[in-house]
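Open the model in your viewer and keep the sequence panel beside it. The tour moves by selection, one stop at a time.

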Amino acid sequence: MYLKYIKEKHPMVNLDSFDRRMNVVVAGASGGIGHALVQQLVSHPSVAQVHALTRNPDQLLLEQKDKLCVHHVDILDEASLSEAAKHFRSITIDLFIVASGILHGAGLAPEKSLRALQSDSFIEVMQINALAPMLVAKHFLPRMTRDGKAVFSVISARVGSISDNRLGGWYTYRASKAALNMLLKTLSIESSRTMPNLIVAGLHPGTVDTGLSKPYQRNVKPEKLFTPDQSAAFLLNVVNGLSVEQSGKVLAWDGQQVDP
Ligand SMILES: NC(=O)c1ccc[n+]([C@@H]2O[C@H](COP(=O)([O-])OP(=O)(O)OC[C@H]3O[C@@H](n4cnc5c(N)ncnc54)[C@H](OP(=O)(O)O)[C@@H]3O)[C@@H](O)[C@H]2O)c1
C-alpha cells in the first residue's frame, strides 16, 4: 500500500483519520528521524501545534515557527517530564511519537558476540530504549485526547522481534527493543480499560540514514536506505491508518505488522 511512495523524494503525508486539527508531541526531536517528523508535522495543514521534546533545544529554537513549541526535556529525568507535561493542562494531545533511542556511543557498540557484553552498556541502552518511553507514557498519557482518535507511539525496531532473529548479535539493542515492545503491549492492555480510544503502537522506521545507523550501513542496498524525510512520511501514514484494534502491535514503515 505504501510502496508507491518509495521512489518519491517527498512522500505525501495523510493525517485525515484524526478528528480535529492535531496537537502533536515528538520526543527525541533533535534526532535524525525525530527532526524530520517535526519538520513535516509543522508544515502539515492537519496539524495545529507541534511540541518538540529534546535535550538539545538550541537548533530547534533557531527554526522556531508559529506552530512549533520547543521544550527542554531529558526523557530519563522524571522531574523534567513532569514539568513539560504541565504545558498540556489546557490542551490534549492527539499524537505522541517518541523518536529517541541509542545503538552506539562513547564506549558503547552493538555486540558481535557474547564476549562483548558489558553490564554498564546494557543498563544504559535499556534505560534509554525501553524505560524512558514508559516514563514518557507515565507523565503524558493522562494528557492524551479521550474523545477522538489518539495515538501514543514509540519508534522501535524490527531487530526487537524474537521470531525474526536469524542473524544473532546485537544482544543489548535487540533486548532493549524486545523489552520496549512488551512494555507497549502491556500499556495497551492497561490503557484500553480507561482510555478505549487510545492506540498504543511501536513503529519500525526501516533502515534510515541517520547518525544511529551510519556505522552499519555498508551492507544496506541503496534503495533500502531511507532518508529521514522518507521514513518520517511513511511512519506518519502508518499512524494515520492505525485503528484501536491494532493497539499494542508493532507496525513497520510499510504498514505491515512486525511479529513479536
Ligand atoms: N536509523 C535507523 O536505521 C533506525 C532503524 C530502526 C530503528 N531506529 C530507531 O529510531 C529511533 C530514532 O533513531 P534515529 O535514527 O533518528 O537516531 P538519532 O539520529 O541518533 O536520534 C536519536 C535521538 O534519541 C535521543 N537520545 C539519544 N541518546 C539519549 C539519551 N541518552 N537520553 C535521552 N535521549 C537520547 C536524542 O534526542 P534529543 O537529543 O532530541 O533528546 C537523539 O537525537 C531510535 O529509537 C532508533 O532505535 C532507527
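The stops below cover the ligand, one helix and one serine. Keep in mind that this is a predicted model.

**Stop 1: the ligand.** Select the ligand and show what surrounds it. You should find 28 residues there. The closest are Gly31, Thr54, Ser100, Gly101 and Thr210. Now colour the shell by residue type. It divides into 13 nonpolar, 13 polar and 2 charged residues.

**Stop 2: what supplies the shell.** Select helix 1, residues 32-42, and strand 7, residues 207-208. Each supplies at least two residues of the shell around the ligand. Which element gives the most to this shell? Helix 1 does, with 3 residues.

**Stop 3: helix 3.** Select residues 78-85, which form helix 3. Show Leu81, Ala84 and Ala85, the buried residues of this helix. Then look down the helix axis. These buried residues fall within an arc of 100 degrees, so they line one face of helix 3. What do they pack against? Add strand 2 (47-54), strand 3 (68-72) and helix 4 (119-140) to the view; the buried residues of helix 3 pack against these three elements.

**Stop 4: Ser161.** Select Ser161, in the loop between strand 5 (150-155) and helix 5 (171-194). Is Ser161 buried or exposed? Ser161 counts as buried because it has 20 C-beta neighbours inside 10 Å, and 20 or more is the cut-off for a buried residue. Next, show Val258, Asp259 and Pro260. Ser161 touches these residues, leaving aside those up to four places away in sequence.

**Stop 5: a distance to draw.** Draw a line from the C-alpha of Ser161 to the C-alpha of Gln59. The two are 34 Å apart in space and 102 residues apart in sequence.

How values were computed: Residues numbered from 1 in each chain as written. Predicted model: local features only at pLDDT ≥ 70, side-chain atom pairs only at ≥ 80, totals over all residues. Near = placed C-beta within 6 Å. Helix = DSSP H or I, 4+ residues; strand = E, 2+ residues; numbered from the N terminus. Nonpolar A, V, L, I, M, F, W, Y, C, P; charged D, E, K, R; others polar. Buried ≥ 20, exposed ≤ 12 C-beta atoms within 10 Å, placed from the backbone. Contact = placed C-beta atoms within 7 Å. Arc of directions from axis to C-beta.
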